[in-house]
Amino acid sequence: MNVSAQVSEDILVCELYNISLTYFTPGSTLVVLYSSLNYSQNASFMRTTCIKLLNKLHEKMMWPTLVTTSSMKDHMKTFEKPSSYIFLVHTLNDVKQQLNNIKLLFSVDVHGYILIIVFDDKIVKRYFYVKEIFHELKNQNILNAVVVIPNGIMSQNKYFPFTEKSNNCYFEVYANFMKYMPMSCEEEVQVKLVNQWNVQDKTIVRTNFFPNKMPRNFNGCPFQISTFEYEPMVMKPVNQTGEPFHYADGLEVRFLETILKPLNLVPSYRYPPPAGELWGKPVNGTYNGVFGEVVRGVSDATIVMNVLDIVRASFAVPVYPHIGLNLAWNVPCAKPMPRWSSLIRIFSPSVWLELCFTYIAASVFICIYSRLQLLMPRNYSNLQECFLNLWAVIMNVSVSSCIPTRNLFRIMFIFWVLYSFVITNLYLAFLTTFFVDPGLESELKAEEDLLKTDLSLGFHPHMAYRHSELKSLPYRKQIVFEDTRNGIRRLALKKDMAFLISTFVGSYSAIFLYPTADGKPGFCQLKEEFSRLWICIYLQKGSPLQETFSKNVLKVWESGMFEKWNRDIIYSGMLSARKRIHQSEGSGFAQFSLEHLQAAFYSLILGYLISLAIFVFELFIKCCFSRTLVYSVKTHL
């Protein structure tokens, strides 16, 4: 260089320290990265500068400092997000390498400050060189950066029309004044010379090194959104074959559009991905589906039940969660009891045993009592006659035998009539109800009951990743669905499986998408909660909109708008469901049919069959007895 290296080092260290003191947050980690390549001319100058700068930074003890080089092969990934960085590099390639090192080590804070010092004094077209550096930073969504570069030979200032000529300028400081815009409205890098450091320590141009990069008004810039139809979150696609394609309603659609409105960003929805990709899954180090479009930079954000996940958060930026959902098993509802069982299910088994015991005991007692009394009718001394007479009272049929004359016997008979009257009226009172509504079989109430059944267990593959217990032996009967809508449809129509999904989506689908003919839910849910998920919006990696979106999420929740949208969507679903049910109901009255009375007809047919069998048996016995009698007579003759 044309000036003393000692003076250059002191000026550079002093100014870098002043910038650190002004802009770097006290207490936060300061990361210093320097290139360890052994350049012949400036390696010692950069090493000395780095040592002096670190000594200066440690004087105040304001920042915990982490120092690393580009030659370090073993990097330890941490989840800390430092907000202050200092790069000491030789070339543009060193800048790219240090950015890759940051990705390996940290989660980069796009709102943090990066100070880059280039030690190559042979650069002639410094403006274009610096522009390339800022362009590389822009590709990483890093806007808050300052580049310090040696001036070299001052006679070459003719390349920079905005630079004031000075014969003692050692370093030039450049900043990027480009505002952040979504990819549809990206601006060019706006590089400006903001300062010059010289031997007298006089400032030629003074301005804010890190101006605000977030505009308050995006002037109607399109905001690309990747999603697909998934009720009730994203609903009613419009113009699926034309432009502009958009979604007319949905809980998350309303939520995102409300966040974009004060920023004057216009939502622009992309066409949904193929059926097998939807949410996206890992493929060759990246993702496909709607999440993959954000990872690849094709869209600005993705919505539609995106689960907050630590792995996905390393590929894209999650916004503050806007929905917390409980996971539960959705199972087939309890089946109606067979109508033919209505005749016996009115009373419990214990009541039936009590009735049988009372009937037999009363018949035997009357038979014994009549045999002990001489004046009693002979019909009651026969046990078979007693059974018939008491059964006639139960069936409300007149007794064919003579009425007893003894007072004690008449009192006993009256008590039996009253007992039969109560039992018969109770039975008939509930019989009609059971004909109309036979009741339901026992329903599943807990996961333990579900695992004892033969039902298959369905869920999205991401659930198995988040919940390792789904890979255990009790859950061996698995069916994995890449599209959860197919799993819900199969559960509602075939009823041969259970499906793990959020209670909100499951309830909405059961009531409004797959109701039964009488308006009841198409399937049911276990009351036992399986786990809890948080749903969020994912933005491009390093998007500066994360903080703004997260603040607006909290504002929407505090305003109560989310609850209102939830009620509106549910009410709309109820109206559409009632319309479908009303069209299928016809007159709205249920008439008795053979289906309702099948128990009575089954009993009648069963009685006929038993009578016929007894009749055939009697004929067979009589025929056999007649032949035996005839044979015995002939043998005697």
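The paragraphs below follow the salt bridges of this predicted model, with attention to how exposed their partners are.

Taking a salt bridge as a side-chain nitrogen of Lys or Arg within 4 Å of a carboxyl oxygen of Asp or Glu, the count in this model comes to eleven. Three of these pairs are described here in turn, beginning with one that belongs to a network.

Arg254 and Asp249 form a salt bridge in which the closest N and O atoms are 2.7 Å apart. The two partners differ in their surroundings: Asp249 is buried, with a relative accessible area of 9%, whereas Arg254 is partly exposed, at 23%. Both residues also belong to a network of salt bridges that links Asp249, Arg254, Lys564 and Asp568.

A salt bridge also joins the side chains of Asp309 and Arg466, with an N to O distance of 3.6 Å. Asp309 lies in the loop between β14 (301-302) and β15 (317-318), while Arg466 lies in helix α12 (residues 461-466), so the pair ties together parts of the model that are 157 residues apart in sequence. On the loop side of this contact, Asp309 is buried, with a relative accessible area of 6%; on the helix side, Arg466 counts as partly exposed, at 30% relative accessibility.

In the remaining pair, the side chains of Arg490 and Asp496 meet in a salt bridge at 3.0 Å, N to O. Here Arg490 counts as partly exposed, at 26% relative accessibility, and Asp496 likewise counts as partly exposed, at 29%.

Technical notes: Residues are numbered from 1 along each chain as its sequence is written. This is a predicted model: local features need pLDDT of at least 70, side-chain atom pairs count only at pLDDT 80 or more; totals for chains, interfaces and linings use all residues. Side-chain values use heavy atoms; hydrogens and water are left out. Buried means under 20% relative accessible area, exposed over 50%, partly exposed in between (1.4 Å probe, protein chains only). Helices (H or I, at least four residues) and strands (E, at least two) are DSSP runs, numbered from the N terminus.
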